[in-house]
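Subject: Structure for you, with notes

Hi,

Here is the structure for you to look at. My notes follow below it.

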Amino acid sequence: MATKAPGADPPETVDLDRLRSAASGCRGCDLYRDATQTVFGEGSRTAEIMVVGEQPGDQEDRQGAPFVGPAGKLLDRALDEAGFDRRKIYVTNAVKHFKFTRDERGKRRIHKTPSKTEIVACRPWLHAELAAVRPELLIFLGATAAKALLGDDFRITRSRGERIDLAEFATTAVATVHPSAVLRAPDRDEAYRAFVADLVAARGDR
């Protein structure tokens, strides 16, 4: 007998509360076993812009909300400087559970990049969020987020800041780096300025 491929199975609805409730019990891949909880997206169903990161981090996993850690605080500051209205933005991640390893002492949880299998398994939730929100603009933060919808061949280094037509979702997408990459950059100020510039370009004449 064939083994059923892993993957999320969202209900057919555009009600974000119903989707969030269903996602809380997702067993589409094994990441739920170690994570504290599912971290679903947050924002209004009428949001004009959707920002998609890679996965929740340590603080997001503990608090159950996306982008509440250091990278999230940097993102909020950059969006504000770029002229975005935060109330018109829906934020989420390509993968809804925190994937990590522990340090040698077993205390600190260290981020680990999701595998292709885990990204594909979680993709139905992202599709469901896109169908519910129907954003005019989609901003990918980092390669993992972008590859979730644009495919494995996508490269941030090659296509950073470019506008990409996503006819399937009736939206335009722009990819930039993840704010955590800014925090790790040798020259953080320069990396931050480039990140804000990407967001300004994505915003266009809004």
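Two strands count as paired if DSSP finds at least two bridges between them. With that in mind, β1 and β5 pair in the parallel sense, over 4 bridges. Please keep in mind that this is a predicted model.

**Strand β5 and its partners**

Start with β5, residues 137-141. The strand is mostly covered, with 5 of its 5 residues buried. In a regular strand the side chains alternate between the two faces of the sheet. Here both faces are covered. L137, I139 and L141 are buried on one side. L138 and F140 are buried on the other.

On the β1 pairing, V51 stands opposite I139 of β5. β5 also pairs with β7, again in the parallel sense, over 5 bridges. In that pairing, L141 has T176 of β7 as its bridge partner.

**V174 in β7**

Strand β7 spans residues 171-176, and V174 sits in it. Is V174 buried or exposed? V174 counts as buried because its relative accessible area is 2%, and the cut-off for buried is under 20%. Beyond its neighbours within four places in sequence, V174 is in contact with L137, L138, I139 and F140. The same list holds G161, E162, R163 and A202. I164 is 10 residues from V174 along the chain, and their C-alpha atoms are separated by 6.3 Å.

**The core**

The largest nonpolar core has 58 residues. Which residues have the most contacts inside it? They are F84, L138, I139, F140 and F195. Helix α4, residues 116-133, gives the most to this core, with 9 residues.

F195 deserves a look in the viewer. Leaving out neighbours within four places in sequence, F195 is in contact with L74, L75 and A78. Its other contacts of this kind are L141, R160, T176, V177, P179 and V182.

**Helix α5**

Helix α5 covers residues 143-150. Its buried residues are T144, A145, A146, A148 and L149. An α-helix has 3.6 residues a turn, so residues three or four places apart point the same way. What covers the buried residues of α5 includes β1, α4, β5 and β7. After α5 comes G151, with a positive phi near 100°.

**Aromatic pairs and charges over rings**

The count of aromatic pairs comes to 2. One of them joins F40 and W125: the ring centres are 6.1 Å apart and the planes are at 90°, so the pair is edge-to-face. This pair links distant parts of the chain, 85 residues apart. F40 is in the loop between α1 and β1, and W125 is in helix α4. Both rings belong to buried residues: F40 has a relative accessible area of 4%, and W125 has 2%.

Two arginines lie over ring faces. R77 is over the face of Y192, at 4.2 Å from the ring centre. R109 is over the face of F100, at 4.8 Å from the ring centre.

**T38 in the loop before β1**

T38 lies in the loop between α1 (16-23) and β1 (49-53). With a relative accessible area of 13%, T38 is buried. What does the side chain of T38 reach? The backbone oxygen of A23, at 2.9 Å. The T38 side chain also makes a polar contact with the side chain of H97, at 2.9 Å. Apart from its neighbours within four places in sequence, T38 is in contact with A23, S24, K96 and H97.

**D15 before α1**

D15 lies in the segment before α1. At 33% relative accessibility, D15 counts as partly exposed. A polar atom of the D15 side chain lies 2.9 Å from the backbone nitrogen of D17. E81 is 66 residues from D15 in sequence, and the two are 31 Å apart in space, C-alpha to C-alpha.

**Where to look**

For a quick tour, take β5 between β1 and β7, then the F40 and W125 pair, then T38 with H97.

Best regards

Note on methods
Residues numbered from 1 in each chain as written. Predicted model: local features only at pLDDT ≥ 70, side-chain atom pairs only at ≥ 80, totals over all residues. Heavy atoms only, no water. Helix = DSSP H or I, 4+ residues; strand = E, 2+ residues; numbered from the N terminus. Buried < 20%, exposed > 50% of the residue type's maximum accessible area, 1.4 Å probe, protein only. Contact = heavy atoms within 4.5 Å. Polar contact = N/O pair within 3.5 Å; in protein donor to acceptor, adjacent residues only side chain to side chain. Core = buried A, V, L, I, M, F, W, Y, C linked by side-chain atoms within 4.5 Å. Phe/Tyr/Trp six-rings, centres within 6.5 Å; stacked < 30°, edge-to-face > 60°. Lys NZ or Arg CZ within 6 Å of the ring centre and 35° of its normal.
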